[in-house]
Amino acid sequence: MKNLHSIMLDKEKCKGCTNCIKRCPTEAIRVRNSKARIIDQRCIDCGECIRTCPYHAKYAITDSLEEINKFQYKIALPAPSFYAQFEVDDVNKLLYALLELGFDDVFEVAKAAEIVTYFTKQFILSEKNKKPIISSACPAVVRLIQTKFPDLIENILPIASPMEVAAYIAKKKIQREKGIEEDKIGAFFISPCAAKMTYVNSPLGFERSYVDGVIAIKDVYGLVRSKLREIKDIKPLSIASGKGIGWAASGGESLALEIEEYVNVDGIHNVAKVLEEIENGRLKDIVYFEGLACSGGCVGGPLAVENPYVAKNRIKRLSSKLKDKEESLSAWTEEIINSFSLKLEDVLFEKELETNPVLELDSDIERAMEKFEKVNNILSMLPGLDCGACGSPTCKTLAEDIVRGFANDTDCIFILRENIKELANKMVELSNKLPPSLERNDE
């Protein structure tokens, strides 16, 4: 059975330091018996714990390169952020290097991003969604909304991600050109991101994904570098424009939309703060919100290799370099759309997104209210320091854990210290009340 989540814990490496519990945006980690424990129902696979853990005890499960050999025809779907990992001035070299690794074809996710931009513009004009429309490109942000901001689900752009669109078009193209059956074509995303793996196992807005596997950029980085040294003559393979490649960094998606009323934010905690503001009705004038879980955007993904600031600069340079070819490269977008007769309806979600009620205290409102009152009573007795020494991220979550039966009030070291102090005083008091038949210190 496949894991629904891609982020896992290596118990041997975990020292129970509690660093991760304070950075998790959905409070999905507890430390018990000196080991971290990830609560699956709360985890959104943002990768924040991978970046935070000083002992590298958190890791993401992805597919190995060998998995591609299960298919007759193998297609690589490189993320736009893949280009930023290498100091090259020609994207074609990188695409050619992927072919040298064993893939039969490549389809750039950057080109699919341009197609998604094309349909997003149509969707914005249709005024079907509540404003601001929230980008659905980052699956970790979508799951954050499902878990912590369920009232904003109807704001989410119901359009397939560039990765999904790329896999769909790439498979249809090969079916048409080579007559190979779809189940014999393998489409593999070359990913900077753990959340994409989870998406493939449990798609958002769709029953199934056209992506057959997710390979971490870091797992092919060395192989690609070694192939780059051997490549001399290359064929022109890239058809993505600077706008599509720009999606790799925060703000790239919004810039491609060519609208003024947008906000783009990167870093999962920053995204959560802006979502709070949207929830409270403070950003009504904004048309589009682009939120990306990783710092700097996808270039800062936990499965990428290069420093995100260096990578962001490379994306800027690559996009700028392609500006002169913008018109001809953009023409490819409409040609693909027309070639496959794609319409907005073809890329819309097939099913509604559901809320993830894991943060609710109880599904029954009356019992939830009772538990809420208990939480507040317990919380009033806790020190409010949010130190994490109890193994829960905050005093409030400890109070909730106690009410749920997963913790005790003495897990708080301050309460434990007070109890020990009270017990010690009681023992001293009792020692002075020993019966005369026993030895006591009257002097």
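## Starting at an exposed turn

Let's begin with N33: at 75% relative accessibility, this residue counts as exposed, because the cut-off for that label is over 50%. Keep in mind that what you are looking at is a predicted model. N33 sits in the loop between β2 (29–32) and β3 (35–38). Its phi is near 55 degrees, which is a positive value in a residue other than glycine.

H56 makes a nice companion to look at. Its phi is also positive, near 55 degrees, and again the residue is not glycine. You'll find H56 in the loop between α2 (48–52) and β4 (58–60). With 58% relative accessibility, H56 counts as exposed.

## The hairpin around N33

Now look at the two strands on either side of N33. β2 and β3 pair in the antiparallel sense, over 4 bridges, and R30 stands opposite R37 in β3. Together the strands make a hairpin with 2 residues between them, and this is where N33 takes its positive phi.

Which side chains of β3 are buried, and which are not? A36 and I38 point to one face and are buried, while K35 and R37 point to the other face and are not. That fits a general habit: in a regular strand, side chains alternate between the two faces of the sheet.

## Helix α4 and what follows

Next stop, helix α4, which covers residues 109–126. Does its length add up, or what should its 18 residues span? At 1.5 Å a residue, the helix should span 26 Å, and its end C-alpha atoms are 25 Å apart, so the two values agree. As for its surroundings, 13 of the 18 residues are buried, so α4 is largely enclosed by the rest of the structure.

Right after α4 comes E127, with a positive phi near 50 degrees. Further along, in the loop between α4 and β7, you reach P132. The peptide bond from K131 to P132 is cis, with omega near -10 degrees.

## A three-stranded parallel sheet

That loop leads on to β7, which belongs to an open sheet of 3 strands in the order β7-β11-β10, with parallel pairing. β7 (133–134) and β10 (262–266) stand at the edges with a single partner strand each, so one side of each has no neighbour in the sheet. In general, strands of a sheet pair through backbone hydrogen bonds, either parallel or antiparallel.

Zoom in on β7 and you'll see it pair with β11 (residues 288–292) over 2 bridges. Here I134 stands opposite F289 in β11. Helix α11 (residues 268–279) lies across β7, β10 and β11, running at about 150 degrees to β11.

## The nonpolar cores

Which residues have the most contacts inside the largest nonpolar core? They are L77, F107, I145 and L275, in a core of 77 residues. Helix α4 gives the most to this core, with 8 residues. A second, separate core has 37 residues, including L65, L98, V106 and A240. As a general rule, nonpolar side chains in soluble globular proteins tend to be buried together.

L77 is a good one to click on. Leaving aside neighbours within four places in sequence, its contacts include F107, V109, M163, A166 and A167. Also among them are F188, F189, I190 and V211.

How values were computed: Residues numbered from 1 in each chain as written. Predicted model: local features only at pLDDT ≥ 70, side-chain atom pairs only at ≥ 80, totals over all residues. Heavy atoms only, no water. Pairing = 2+ DSSP bridges. Contact = heavy atoms within 4.5 Å. Axes fitted to C-alpha atoms, helices over the stretch in contact; angles between N-to-C directions. Expected span 1.5 Å × (residues − 1). Buried < 20%, exposed > 50% of the residue type's maximum accessible area, 1.4 Å probe, protein only. Core = buried A, V, L, I, M, F, W, Y, C linked by side-chain atoms within 4.5 Å.
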